[in-house]
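Welcome to a short set of exercises with worked solutions. Have a look at the model below, then work through the tasks one step at a time.

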Amino acid sequence: MSNVKTLLLITGIFEIIIGVPVMGGLIVMGLSYIPLVVMLALHIVTLVLASQHNADKHGSILGIITSVIAIIPIVGMIMHLITGVLLLVSASKADSNQSSYSPPPPPSSF
């Protein structure tokens, strides 16, 4: 399992946990919104690694947006759930995209 897939899985699972209506709100508000800052940092790291490995970046970009606007209670909950699902789908596709890739032949091989 690649580092990108691992981070996509971790961030996806955390987003789903934070998106659960009562439990997620208690976690975020009980820890003084620090989980949102931690998730923002994780999404940025995941985005950088995904960019380096040509993996799907959509979930990490949406995660960054979600971490910023998640201060709004209902909107944040919905965005966390959507982002979590998108990240988990991206993680499930991460290995299949990388394993089927083969670089083009060098120009001198024709």
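## Exercise 1: The pocket

The largest pocket has a volume of about 240 Å³. Its lining has 16 residues, and those closest to the pocket centre are G24, G25, A70, P73 and M77. A pocket here is an open set of points on a 1 Å grid over the protein atoms alone, where a 1.4 Å probe fits, with protein on both sides within 12 Å along at least five of seven lines; lining residues have an atom within 4 Å of a point. The volume is the space filled by probe spheres set on the points, which are joined across faces, edges and corners.

Before going on, note that this is a predicted model: local features need pLDDT of at least 70, side-chain atom pairs count only at pLDDT 80 or more, and totals for chains, interfaces and linings use all residues. Residues are numbered from 1 along each chain as its sequence is written, and side-chain values use heavy atoms, with hydrogens and water left out.

**Task.** Find which helices each supply at least two residues of the pocket lining.

**Solution.** Step one: list the helices, which are DSSP runs (H or I, at least four residues) numbered from the N terminus. The protein chain has five of them and zero strands. Step two: match them to the lining, where α1, α2 (21-30) and α5 each supply at least two residues.

## Exercise 2: The nonpolar patch

**Task.** Work out which helix gives the most to the nonpolar patch, and explain why L88 counts as partly exposed.

**Solution.** Step one: the patch covers about 520 Å² and is made by I10, I13, F14, I17, V20, M23 and L88. Step two: helix α1 (residues 3-19) gives the most, with four residues. Step three: L88 lies in helix α5 (residues 73-99). L88 has 30% relative accessibility, so L88 counts as partly exposed (buried is under 20%, exposed over 50%, partly exposed in between, with a 1.4 Å probe and protein chains only).

## Exercise 3: I61 and the whole chain

**Task.** Place I61 in its helix, then describe the chain as a whole.

**Solution.** Step one: I61 is found in helix α4 (residues 58-69). Because its relative accessibility is 42%, I61 counts as partly exposed. Step two: from C-alpha to C-alpha, I61 and E15 are 13 Å apart in space, with their positions 46 residues apart in sequence. Step three: the C-alpha atoms fill a box of roughly 60 × 20 × 20 Å along the principal axes. Buried residues make up 32% of the 110 residues.

Terms used:
Patch = residues over 30% accessible without salt bridge, like charges linked within 9 Å, V, L, I, M, F, W, Y side chains within 5 Å. Areas by Shrake-Rupley, 256 points an atom, 1.4 Å probe, with all protein chains shown as cover. Salt bridge = Lys/Arg side-chain N within 4 Å of Asp/Glu carboxyl O.
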